[in-house]
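This report goes through selected features of one protein chain, from its main pocket to its backbone geometry. The sequence and structure come first.

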Amino acid sequence: MTSPAVVEVGPTQGPTFAGGRKSRSSRGSLTRQKQRIGLFATLPAFIVVASLLFYPIGYAIWISFLKTDGVTSKFIGFKNYVDIFAAPLVHQVFVTNLKFLVAIPVVIFAGLFTAVLLYQEVWGWRFFRIVFFLPSVLSASVIGLMFRSAFTLNGPINTALISLGLTPINFFARANMAILVVVLALIWAGFGYAMMILLSGLMTIDSDLFAAAEVDGAGWWQRFWYIIIPSIRQQLAFVSIINTLYTFTSLFGFIFVMTAGGPLYSTTTLDYLVYQKAFSAYDMGQGSALAIIIFGVIATLTVAQSKYLRNDDGR
C-alpha cells in the first residue's frame, strides 16, 4: 500500500514590503493624476467665473481713482474717496439707510411668530407655509410695483380712506410716509425667508426638551424663552446680519420702482446713489468709489458674522 502524500502547509506568504510600497506608490500616483485631471476639467469654468467676477471688481477699483464720464478720464488718486466722505448728501443717504433698519426687528418678530405657529402645526399650516414664503420668491421690482400701486393717490389704500370719510394721503410726496411704505414693502418681502430659516432651526430641537418642560410645569412662554430662543440663537443672528446686509446693498429695486429716491433724496439709499452718480450724473469715478466703500462695509459685516457664528458654535 502506498502511503498518502503529505502536503506541507506553511504560512501564506503575503506581498513583500517592497511590493506593498510599490502598490501604495502607484495608487498615490493614480490619485494625483485624477486630481490633475479634475483641476484641468474645472479650469475653463474657473477662468470664466474669474473673468466675470474679479475683472469687474478690479476695473471698478481702478476707475475709482479716476475722474471719468465713461469717455474721457483723468487720474486723481484718492480724491473721489475724500469727496464722498465729505459730501453731506452721502451722510444724509447713510442716515436714510439706517432708518430702513427699523424693518429688521419687525421681520425677525414676524418670521419667528409664524415659524413657531408652523412648527406647532396649527390648522392649515402647510397652506400658510407656502403663502408666507411666496413674497420671498418675487423680485424687488414686482413687490415695488405692487406697493406703489396700492399706496398711490388713486390706489386702493386711498380709496378705502375716502370710503371711511378720511382725507386721501399722497404717500410718495411726504418723506416720512414714503419711508414708511418702503419699510412695509421690506417687511412683507423679507419675513417669509426669515420664517423658513427660523423654522429650520426649530426642527433641530429635541422634542424631549418640550416634553420634560411640560412635565415640570413650564408654560408656553417659559418654553418659548428658555428652550426655543436659546436653541435658535445662531439662526436669529444669521437672519439679523443677512437682513442688515440686504438693507445696505439690495434696496435698489424697491427705490427705483417706488420712489426714485424722492422726495428730495429722502428715500435714496447707498446702492441707489451709486446708480445716480454713475449713470445719471455720469461720474463713474465717484460711483465706483462709493461702490467700493459699500463693498468694504459688506466684507466687514460678513467677516464679523462668520467669526460670531464660529465662536458661538464652539461654545
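What volume does the largest pocket have? In this predicted model, the volume of the largest pocket is about 310 Å³.

## Largest pocket

The lining of the largest pocket consists of 19 residues. Those lying nearest the centre are L186, A189, G190, N243 and Y246. Four helices each supply at least two residues of the lining: α4 (103-119), α6 (140-151), α8 (175-202) and α11 (233-249).

By residue class, the lining of the largest pocket holds 14 nonpolar residues and five polar ones, with no charged residue. Glycine is counted among the polar residues here.

## T247 and I104

Helix α11, one of the helices that supply the pocket lining, also holds T247. T247 has a relative accessible area of 4% and therefore counts as buried, the limit being under 20%. In sequence, T247 and I104 are 143 residues apart. In space, their C-alpha atoms are 8.8 Å apart.

## Nonpolar surface patch

V49, L53, F54, I57, I61 and F295 make a nonpolar patch of about 540 Å² on the surface. Helix α1 (residues 17-63) gives the most to this patch, contributing five residues.

F54 is one of the patch residues and is found in helix α1. Is F54 buried or exposed? Its relative accessible area is 51%, so F54 is exposed, the class that begins over 50%.

## Salt bridges

How many salt bridges does a search of the whole structure find? The search finds two. One of them joins D283 and K67, with the closest N and O atoms 3.5 Å apart. This pair links distant parts of the chain, as the two residues are 216 residues apart. D283 sits in the loop between α13 (270-280) and α14 (284-314), and K67 sits in strand β1 (residues 66-68). D283 is buried at 10% relative accessible area, whereas K67 is partly exposed at 46%.

The other salt bridge is formed by D83 and K79, whose closest N and O atoms are 2.8 Å apart. Both residues belong to helix α2 (residues 79-86), where they are four residues apart, about one turn of the helix. D83 counts as partly exposed, with 27% relative accessibility. K79 is also partly exposed, with a relative accessible area of 45%.

## Backbone in the loop between α12 and α13

Most residues other than glycine have a negative phi, and most peptide bonds are trans. Where does the chain depart from this pattern? The peptide bond from G262 to P263 is cis, with omega near -5°. P263 is found in the loop between α12 (252-258) and α13.

Two residues of the loop between α12 and α13 have a positive phi: L264 and Y265. For L264, phi is near 55°. For Y265, phi is near 60°. Neither residue is a glycine. L264 is exposed, at 78% relative accessibility, while Y265 is partly exposed, with a relative accessible area of 38%.

Definitions and conventions
Residues numbered from 1 in each chain as written. Predicted model: local features only at pLDDT ≥ 70, side-chain atom pairs only at ≥ 80, totals over all residues. Heavy atoms only, no water. 1 Å grid on protein atoms, 1.4 Å probe; cavity = no way out; pocket = protein on both sides within 12 Å on 5 of 7 lines; lining within 4 Å. Points joined across faces, edges and corners; volume = space filled by probe spheres on them. Patch = residues over 30% accessible without salt bridge, like charges linked within 9 Å, V, L, I, M, F, W, Y side chains within 5 Å. Areas by Shrake-Rupley, 256 points an atom, 1.4 Å probe, with all protein chains shown as cover. Salt bridge = Lys/Arg side-chain N within 4 Å of Asp/Glu carboxyl O. Buried < 20%, exposed > 50% of the residue type's maximum accessible area, 1.4 Å probe, protein only.
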